[in-house]
Amino acid sequence: MVAHTGSTRSVGSTRRLNAPRPALVEGHADGTPRRVNRQDVALVREEWRIVDRWWTEEPVDRRYFDLVLETGENAVVYLDGENGAWFTQRA
């Protein structure tokens, strides 16, 4: 008889909580997001930059934006300065 623990997660399917996901971002000339994943940005609530681990082989250089989309949904996106790619994370 096999006991069931109630967990449906299989081995090898673990992932980080709030892991960044690639995002489709169209920006204004100054680099602020205009559209995120085909949704207009209604408001840029905050912007900040993180530059860290510059002394390592894996430096972090990110420009973050806390946004409100046209749907009223909150979104946090960042531009990875190392590779020029946009990502989104849960707000």
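A salt bridge is counted here where a side-chain nitrogen of Lys or Arg lies within 4 Å of a carboxyl oxygen of Asp or Glu, and by that rule the structure, which is a predicted model, holds six salt bridges. Before turning to these contacts, it helps to look at the chain as a whole.

The protein chain has zero helices and seven strands, so that, read along the sequence, its pattern is β-β-β-β-β-β-β. Of its 91 residues, 26% count as buried.

Two of the strands, β4 and β5, can be followed through particular residues. Strand β4 covers residues 39–52 and includes Val51, while strand β5 covers residues 60–69 and includes Leu67. Leu67 has a relative accessibility of 0% and is therefore buried, since buried means under 20% relative accessible area. In sequence Leu67 stands 23 residues from Val44, yet the C-alpha atoms of Leu67 and Val44 are 4.7 Å apart in space.

A salt bridge also joins these two strands, for the side chains of Arg45 and Asp66 meet with N and O 3.2 Å apart. This pair links distant parts of the chain, with Arg45 in strand β4 and Asp66 in strand β5, 21 residues apart. The partners differ in their surroundings: Arg45 is partly exposed at 47% relative accessibility, whereas Asp66 is buried at 11%.

Other charged residues come together in a group, in which Glu26, Arg34, Arg35 and Asp40 are linked in a network of salt bridges. Within the network, Glu26 and Arg34 meet through their side chains at 2.8 Å, N to O, and the closest N and O atoms of Arg35 and Asp40 are 2.9 Å apart. Glu26 is partly exposed, with 31% relative accessibility, as is Arg34 with 36%, and Asp40 is likewise partly exposed, with a relative accessible area of 31%.

Elsewhere on the surface, Val51, Trp54 and Trp55 form a nonpolar patch, which together has about 430 Å² of accessible area. Val51 has a relative accessible area of 51% and so counts as exposed, because the class of exposed residues begins over 50%.

The last feature to consider is the largest pocket, which holds about 160 Å³ of space. Twelve residues line this pocket, and Arg21, Glu73, Asn74, Ala75 and Thr88 are those nearest its centre. The elements that give two or more residues to the lining are β6 (74–80) and β7 (86–89). By class, the lining is made of four nonpolar, five polar and three charged residues.

Note on methods:
Residues numbered from 1 in each chain as written. Predicted model: local features only at pLDDT ≥ 70, side-chain atom pairs only at ≥ 80, totals over all residues. Heavy atoms only, no water. Patch = residues over 30% accessible without salt bridge, like charges linked within 9 Å, V, L, I, M, F, W, Y side chains within 5 Å. Areas by Shrake-Rupley, 256 points an atom, 1.4 Å probe, with all protein chains shown as cover. Helix = DSSP H or I, 4+ residues; strand = E, 2+ residues; numbered from the N terminus. Buried < 20%, exposed > 50% of the residue type's maximum accessible area, 1.4 Å probe, protein only. 1 Å grid on protein atoms, 1.4 Å probe; cavity = no way out; pocket = protein on both sides within 12 Å on 5 of 7 lines; lining within 4 Å. Points joined across faces, edges and corners; volume = space filled by probe spheres on them. Nonpolar A, V, L, I, M, F, W, Y, C, P; charged D, E, K, R; others polar.
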